[in-house]
Amino acid sequence: MPFFSQVATFEQLWPTIENALEDVFRSGKFSHGQQVGQLETALTHYTGARHVIGVNSGTDALVLLLRACGLRPGDGVLVPAYSFFATASAVVLAGGHPEFVDIDPRTHAMDPAALDAAVTPRSRFVMPVHLFHTMADMAAIGAVARRHGLTVVEDSAEAIGMRRHGVHAGLHGAGGVLSFFPSKTLGALGDAGAVLTDDPQVADTVAALRHHGRTGRTLNDFPAISTESALPGVNSKMDDIQAAVLLAKLTVLEEQIARRAELAAAYTARLRDVPGIVRLPRTTAERPDDRDVHYVYLIETEHRDALVAHLDGQGIGTEVYYPLPLPHQPAFAHLGHRPGAFPHAEAAARRAVALPFHPDLDPGDLDRVCDTIGSFLATTRTTA
Ligand SMILES: *Cc1c(COP(=O)(O)O)cnc(C)c1O
């Protein structure tokens, strides 16, 4: 049983995708063409963002967003200590300095109180991340940001469809991103991403930066690149083949999100009373205008590594998100963060494991995963 599969989705959507791909092939324009424009428009409607700019990956989207929001070399960017590596590497690629903040164990997102304590004189940005199924507390983070004069940008790469107070993820500050990596809730056939923003100036700058800094139609419009202004563009255009696939999958996204919610509720109902599991995802939103989206289904147990090995032996795929807190990655060893400095991030990195989860997951398979976990934890706990 694979951890993730979208074979059934592709079978269901194949006639639509085949037509869209044929349009791309006949158009002769394979990059930054018509399908990309159509996808950007469709995503403004889906998210409510005034501007959506398609780029090559979620990581590029973060780098270009930070630069378009005026990040200067050496600026401090507060990020959670627990996330995918790209959250912190994007800060470095944009020229910034990552400043790590511990998480709230209930949401796995940046803890607003820890954020307040982590602000330094060089901090200029705060970049909360919305992980797995729910958003960071954007109201509390926004209040801390205002008090310290920080610009808020969101790593909403995992958060398509998530809302707080009726506002889609990525639109609670200066801007956010989407990733369309194949395993994401809206996944392409390879890499693709987008920037979301309501700010026309940020949108224009990202649109120029993704295409060598170009603002007009001719080569003469390339801006001068000086070491002072230092906003050289990159090549981060989106492929039309990816846009065509994403447009087709967008038509069933809401249906798939509803199916994900049902499967998450079924997992939680089966696992709620299993001793040895210390945390399960929340499956009902706190307020009516909030919406969670189950991108992955993640549990926490102190027996994580043994459980992963046991499930693997039974042919059940899992993923460990994320095995090492960001400040303890070798890439950030030079910052000198000690073990114990981010206790909630460290506990999640030690205990969290994501179970097989995608809209086409067979309910019988879900039962088998839960039975296998239940009997394994029962014996592990009595022999431990
Ligand atoms: C997937 C992801 C990214 C990066 O997106 P890519 O499209 O893979 O570059 C960034 N941040 C988080 C939290 C992610 O999950």
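This passage describes a sheet, a helix, the cavities and one buried strand residue of a predicted model.

The sheet is open and has seven strands. Their order is β1-β11-β10-β7-β6-β2-β3, and the pairing is mixed. The edges are taken by β1 (residues 51–55) and β3 (residues 97–101). Each of these strands has a single partner, so one of its sides has no neighbour in the sheet. On average, neighbouring strands are turned by 30 degrees against each other, direction ignored.

Within this sheet, β6 and β7 form a parallel pair. Strand β6 covers residues 123–126, and strand β7 covers residues 151–154. Two bridges join them. One residue pair can be named: Val126 has Val152 of β7 as its bridge partner. A helix also packs on the sheet: α7, residues 200–209, touches β1 and β11 (residues 193–197). The direction of α7 makes about 15 degrees with that of β1.

Helix α4 spans residues 85–93. Its buried residues are Ala86, Thr87, Ala88, Ser89, Ala90 and Val91. These buried residues pack against two strands, β2 (residues 76–80) and β3, and against helix α3 (residues 58–68). Thus the edge strand β3 is also a packing partner of α4. Gly95 follows the helix. The phi of Gly95 is positive, near 100 degrees.

The model holds three cavities of 30 Å³ or more. The largest contains about 70 Å³ of space. Its lining consists of 13 residues. Those nearest the centre of this cavity are Phe4, Gln6, Lys249, Gln256 and Arg260. By class, the lining comprises seven polar, three charged and three nonpolar residues.

Ala354 belongs to strand β13, which runs over residues 352–355. With a relative accessible area of 0%, Ala354 falls under the 20% cut-off and is therefore buried. Its contacts beyond four places in sequence are with Phe3, Val296, Tyr297, Leu298, Thr318, Glu319 and Tyr321. Phe181 lies 173 residues from Ala354 along the chain. The C-alpha atoms of Ala354 and Phe181 are separated by 17 Å.

Conventions
Residues are numbered from 1 along each chain as its sequence is written. This is a predicted model: local features need pLDDT of at least 70, side-chain atom pairs count only at pLDDT 80 or more; totals for chains, interfaces and linings use all residues. Side-chain values use heavy atoms; hydrogens and water are left out. Two strands pair if DSSP finds at least two bridges between them. Helices (H or I, at least four residues) and strands (E, at least two) are DSSP runs, numbered from the N terminus. Axes are lines fitted to C-alpha atoms, for helices over the stretch in contact, and angles run from 0 to 180 degrees between N-to-C directions. Contact means heavy atoms within 4.5 Å. Buried means under 20% relative accessible area, exposed over 50%, partly exposed in between (1.4 Å probe, protein chains only). On a 1 Å grid over the protein atoms alone, a cavity is a set of points where a 1.4 Å probe fits but cannot get out, and a pocket is an open set with protein on both sides within 12 Å along at least five of seven lines; lining residues have an atom within 4 Å of a point. Grid points are joined across faces, edges and corners, and a volume is the space filled by probe spheres set on the points. Ala, Val, Leu, Ile, Met, Phe, Trp, Tyr, Cys and Pro count as nonpolar, Asp, Glu, Lys and Arg as charged, and the others, Gly among them, as polar.
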